[in-house]
Amino acid sequence: MKFVAFERAKQGTGASRRLRISGKTPGIVYGGEGQPQLIEIDHNALWHALKKEAFHSSILEMELGGATSKVLLRDVQYHPFRQLVQHIDFQRVDAKTRLHMKVPLHFKGEEESEAVKTAHNLVNHVITELEISCLPSDLPEFIEVDLSGLTKNATLHVNDIKLPKGVKFVSHGKTNPVIVSAVPPLVAEEPAPAAEGAAAEGAAPAAGGKPAAKTAKPAAKK
């Protein structure tokens with residue numbers, strides 16, 4: 001994806017506030033061989049770009065001052081309750097330096113699996129994105145996970161999926177976490193029927209029978 005940025009001369013809280021009022025978003029580009037560069041981007045164009053998954057997980061082409069460079073989105077600061085991007089950070093991409101990125105997982109084949117089609121399991125997506133390490137040229141926009149072979153009550157781990165060429169999973173203590181789990185659906189328990197023959201309190205007497213006599217009160221003492 002490609003976007004246009006402009007050089008930003010002034011910095012500070014006041015300058016950033018004036019930029020936002022004028023419909024621009026302040027930002028910064030850092031990393032690589034160059035010095036950190038202050039930039040500004042049209043807010044409306046940026047807002048729509050941020051709605052696209054590829055803007056978050058792929059290498060972007062930034063046009064700045066007539067030159068194009070490759071960058072990665074690293075951080076976005078949103079307003080607490082307004083639809084406003086307050087600040088954005090990008091990192092320059094070095095073709096020879098490995099990247100650490102979180103890439104979304106795209107699931108397919110779930111409805112055709114034994115777990116869903118035959119066993120009527122519920123499929124839980126435990127992980128929806130994966131942190132990976134790779135060179136910029138090997139960075140995938142997403143990783144596809146085929147669930148068509150998922151069986152009844154089974155789990156799918158990171159080691160069960162095939163990562164793209166040159167891509168390695170970055171673990172943080174969990175070397176083989178669960179990605180997907182298939183679990184049986186919850187079945188509501190029916191209330192147990194009342195015991196047969198149990199007499200209800202205050203029940204009417206049987207046909208032809210007489211109501212039970214009242215217990216006589218003790219005679220009053222003279």
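User: Before we start, what makes something a salt bridge?

Analyst: A salt bridge is a side-chain nitrogen of Lys or Arg within 4 Å of a carboxyl oxygen of Asp or Glu. Keep in mind that this is a predicted model.

User: Okay, so why is Arg8 said to have no salt bridge?

Analyst: Glu40 is the nearest side chain of opposite charge, and it is 5.6 Å away. The cut-off is 4 Å, so that pair doesn't count. Arg8 is buried, too, and sits in the loop between β1 and α1. Its side chain does reach the backbone oxygen of Gly27, at 2.7 Å.

User: Why is Asn121 called buried?

Analyst: Its relative accessibility is 5%. Buried means under 20%, so Asn121 qualifies. You'll find Asn121 in the loop between α4 and β8, with its side chain reaching the backbone nitrogen of Asn153 at 2.7 Å.

User: How many aromatic pairs are there in the whole structure?

Analyst: A search turns up four. One of them is Phe3 with Phe55, at 5.9 Å centre to centre and 70 degrees between the planes.

User: What makes that Phe3 and Phe55 pair edge-to-face?

Analyst: The angle! Planes over 60 degrees apart count as edge-to-face, and here we have 70 degrees, so the name fits. The two residues are 52 apart in the chain, with Phe3 in strand β1 and Phe55 in helix α3.

User: And why is the Trp47 and Tyr78 pair edge-to-face?

Analyst: Those planes are at 85 degrees, which is over 60, so the label holds. The ring centres are 6.2 Å apart.

User: Is Tyr78 buried, partly exposed or exposed, and how do you know?

Analyst: Tyr78 has 41% relative accessibility. That lies between 20% and 50%, so Tyr78 is partly exposed. Trp47, at 19%, is under 20% and therefore buried.

Key: Residues numbered from 1 in each chain as written. Predicted model: local features only at pLDDT ≥ 70, side-chain atom pairs only at ≥ 80, totals over all residues. Heavy atoms only, no water. Helix = DSSP H or I, 4+ residues; strand = E, 2+ residues; numbered from the N terminus. Buried < 20%, exposed > 50% of the residue type's maximum accessible area, 1.4 Å probe, protein only. Lys, Arg positive; Asp, Glu negative; His and termini not counted. Polar contact = N/O pair within 3.5 Å; in protein donor to acceptor, adjacent residues only side chain to side chain. Phe/Tyr/Trp six-rings, centres within 6.5 Å; stacked < 30°, edge-to-face > 60°.
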